[in-house]
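Work through these exercises with the model open beside you. Try each task before reading its solution.

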Amino acid sequence: MHPIRPSLLAPRGIRRQALLRRILERADWRVTGMGRADAVVGWGRKRSGAWAARTAQARGIPHLSMEDGFLRSVGVGVDGAPPLSIILDRRGIYYDAGTPSDLEDLILHDARLADPALLARAADGLAMMRARRLSKYNVPSVQGAKAALPPSQPFVVIVEQTAGDLSLLHGSAGDVTLAHMIAAARDLYPGRLIVVRRHPDVSVGKRAGMLDATAIADLRVVEADGDAWDWFEAADAVVTASSLAGFEALMAGRPVHVFGMPFYAGWGLTQDRLSCPRRGVARSLEQVFAAAYLLYPTYYDPFADRLTTFERVAEILDFQKEQAERHGQRSYCVGMSLWKQRTVAEFLRCGAQLPIFARKPEDAVWQAKASGGRVVVWASREREALVQKCAAAGVPLLRMEDGFLRSRGLGSDLVQPSSLVLDGEGIYYDPSRPSALERMIRDVPLTGREQEQAALLRSRIVAEGLSKYNVGAQVPLPAHPGGRRAILVPGQVSNDASVRLGAGPVADNWALLSAVRAENPDAFIVYKTHPDVEAGNRPGYIAPHRLLQLADCLADGMDSDCVLAQVDEVWTMTSLMGFEGLIRGKRVVCYGLPFYAGWGLTQDRMATPRRQVARSLDVILYCALVRYAAYTVVTPSGLRMRSNVAELLDRLEGGAAA
């Protein structure tokens, strides 16, 4: 029998946030809103925290203060960015200097802070924070832009906080104003430019800040849309009242002047205006980091749906931030099917900024021009008039299409895609013009680590039997006489853009099957109708009795991986099954020019001078599945999140629709 989990009485505001509830449950609490409880939780020093403290005292049970962790999310909480770390403190809360907290106790007394292994892990964590430019909220920079630092002018950064911030009130900084900090910075660093960096919530207009409307000479105000690390690393010093950004500035190696008493003050690391009698002992940056980032928070992995480590959450947020910055310009979409817009919106989201789905192409163009955005069109619906309008307006135009590990189910059955591609140069299935994928394969070499990742990815796809749609039955093909080569001929959708643009002289399913039989009179030919055609959703159907005039058997209804495992070769126009055959070590013959042809891996009946170079299968696989395609999955907690290809494979292999 499983032990009964302790019950945690939580206010409605916490219970109604599904992800917070999930994290608490994974931390082995049974969350309840009434009845008997073993502990009570509330939000820090907010109203729910006061309720929790009163309720716990009345019932004689422990009280936990909850807050966001120091490595929280991509985007700010007021925009709905999901938290991947929380704090549960039994003594107090880290920003309340008036009472002890679990974090203060860790820094003062925990013997683990003398453990060389933990300190080495902390040093690695500090290096990871610096190298990956991580912070609490990881607000994406616009197009990943560098901060506009003052050219060759020394400066001091003052960190703004939101008006009424609880860390000001409870961190002994309730009376501190921005004017106080500006005056002190001028005294300490005469002649320096004073830069006030706004809080992310203030920058997005969600909360008021400390900066009033009074004009102050020689003062520069910057929003939080640039990388804070750029500012901290270049500044002569950083001044704050009680902001976590002060500790991030310590990580960046800057002198930090503190007007309040945040958790990182009082340990000899900062220049403090106040003191705390409970502290007053020296601790290293690694020790404080180990306590605050490795031991104190509770971290959650939304993809595995379990508690995890600082390192795993840092890895997730680094990837999420990089993906968000790819979409730093607002997108104005045209040609998107209504049923697909919800998923497209998540792919193109940047923080709280969602794409706009325009009714008319001209609306998308003028809106993009007015806002400095871009136009995104579903690739098959691109028209020359749109290309010309975007060019005339100076607006970037990107094409979107399904990726190569799309889903568990068919797009024509309205199954949402988990993989999409964006291409600002062309589109991968159109060989008449260059595409970003073609350029990556041709010009961007793989590092040794990327080559290892590609090999592992290829092995995993084969071992787990994954393909684009992941539908169909696992059944054996009919037996055929030994010595006859088994050739798979994959049918395609007759009006598919990849056939129309990339197939060449052999441009329909009957012509393909006829050509393969003519060249292979003695082969055992297996014809597989495209799943969308077989489902009756797309054109390209050929009656079975007619197909069997040329083919030896039909593989309709069968899983693609199952068929590929039972054949020796794949002969195709432009089908992705040719690429899936290459991954499984099959000989592949192409009558058309799909993205994987022309690199020396396939037997080609067409050619383009742009691809007359040899490339390995792992280079093509890595470029297509890692660099070119982007992914989202629905996590076990119900979030749709950007993911990397490995996380998508986890979902597909587990049988989820992703």
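Ala, Val, Leu, Ile, Met, Phe, Trp, Tyr, Cys and Pro count here as nonpolar, Asp, Glu, Lys and Arg as charged, and the others, Gly among them, as polar. Keep in mind that this is a predicted model.

**Exercise 1. The chain as a whole**

Task: State how many helices and strands the chain has, and what share of its residues is buried.

Solution.
- Step 1. Take the secondary structure. The chain has 25 helices and 26 strands.
- Step 2. Take the extent. The C-alpha atoms fill a box of roughly 90 × 65 × 45 Å along the principal axes.
- Step 3. Take burial. Of the 658 residues in the chain, 56% are buried. The cut-off for buried is under 20% relative accessible area.

**Exercise 2. The largest cavity**

Task: Find which residues line the largest cavity, and divide them by class.

Solution.
- Step 1. Count the cavities. There are four of 30 Å³ or more.
- Step 2. Take the volume. The largest cavity holds about 60 Å³ of space.
- Step 3. List the lining. It consists of Phe404, Leu405, Ile461, Leu466, Ser467, Leu576, Phe579, Glu580, Ile583 and Leu625.
- Step 4. Find the main contributor. Helix H23 (residues 576–583) gives the largest share of this lining, four residues.
- Step 5. Sort by class. Eight lining residues are nonpolar, one is polar and one is charged. By the class rule, Ser467 is the polar one and Glu580 the charged one.

**Exercise 3. The second largest cavity**

Task: Name the strand that gives the largest share of the lining of the second largest cavity.

Solution.
- Step 1. Take the volume. The second largest cavity has about 50 Å³.
- Step 2. List the lining. Arg326, His327, Phe347, Met400, Leu420, Val421, Leu422, Tyr628 and Ala630 surround this cavity.
- Step 3. Assign the share. Strand E18 (residues 419–423) supplies three residues, the largest share.
- Step 4. Sort by class. Seven of the lining residues are nonpolar, one is polar and one is charged. His327 is the polar one and Arg326 the charged one.

**Exercise 4. Strand E3 and its partners**

Task: Decide whether the residues of strand E3 (residues 39–43) are buried or exposed, and find which strands pair with E3.

Solution.
- Step 1. Check burial. Five of the five residues in E3 are buried.
- Step 2. Split the strand by direction. Ala39, Val41 and Trp43 point one way, Val40 and Gly42 the other way, and all are buried.
- Step 3. Take one partner. Strand E1 (residues 7–9) pairs with E3 in the parallel sense over two bridges. Here Leu9 stands opposite Val40.
- Step 4. Take the other pairing. E3 and strand E4 (residues 63–68) run parallel, with four bridges. Trp43 stands opposite Met66 in E4.
- Step 5. Trace the connection. The chain goes from E3 through helix H3 (residues 47–59) to E4, a right-handed β-α-β crossover.

**Exercise 5. Two open sheets**

Task: Give the strand order of the seven-strand sheet and of the six-strand sheet, and say which strands stand at the edges.

Solution.
- Step 1. Order the seven strands. The open sheet reads E2-E1-E3-E4-E5-E12-E13, with mixed pairing.
- Step 2. Find its edges. Strand E2 (30–32) and strand E13 (306–308) each have a single partner strand, so one side of each lacks a neighbour in the sheet.
- Step 3. Take the twist. Neighbouring strands of this sheet are turned by 35 degrees against each other on average, direction ignored.
- Step 4. Look at an antiparallel pair. Strand E5 (residues 85–89) and strand E12 (residues 298–301) are joined by two bridges. Ile86 has Thr298 in E12 as its bridge partner.
- Step 5. Order the six strands. This open sheet reads E21-E20-E19-E22-E23-E24, with parallel pairing.
- Step 6. Find its edges. Strand E21 (553–554) and strand E24 (603–604) have a single partner strand each, so each has one side without a neighbour in the sheet.
- Step 7. Look at a parallel pair. Five bridges join strand E19 (residues 486–490) to strand E20 (residues 524–528). Val489 stands opposite Tyr527 in E20.

**Exercise 6. Positive phi outside glycine**

Task: Locate Arg133 and Asp305, and decide whether each is buried or exposed.

Solution.
- Step 1. Recall the background. Most residues other than glycine have a negative phi.
- Step 2. Take Arg133. Its phi is positive, about 55 degrees, although Arg133 is not a glycine. Arg133 lies in the loop between helix H5 (116–132) and strand E6 (155–159). Its relative accessible area is 18%, so Arg133 is buried.
- Step 3. Take Asp305. Its phi is also positive, near 55 degrees. Asp305 sits in the loop between E12 and E13. Its relative accessibility is 13%, so Asp305 counts as buried.

Note on methods:
Residues numbered from 1 in each chain as written. Predicted model: local features only at pLDDT ≥ 70, side-chain atom pairs only at ≥ 80, totals over all residues. Heavy atoms only, no water. 1 Å grid on protein atoms, 1.4 Å probe; cavity = no way out; pocket = protein on both sides within 12 Å on 5 of 7 lines; lining within 4 Å. Points joined across faces, edges and corners; volume = space filled by probe spheres on them. Buried < 20%, exposed > 50% of the residue type's maximum accessible area, 1.4 Å probe, protein only. Pairing = 2+ DSSP bridges. Right-handed = clockwise from strand over helix to strand, strands pointing away. Axes fitted to C-alpha atoms, helices over the stretch in contact; angles between N-to-C directions.
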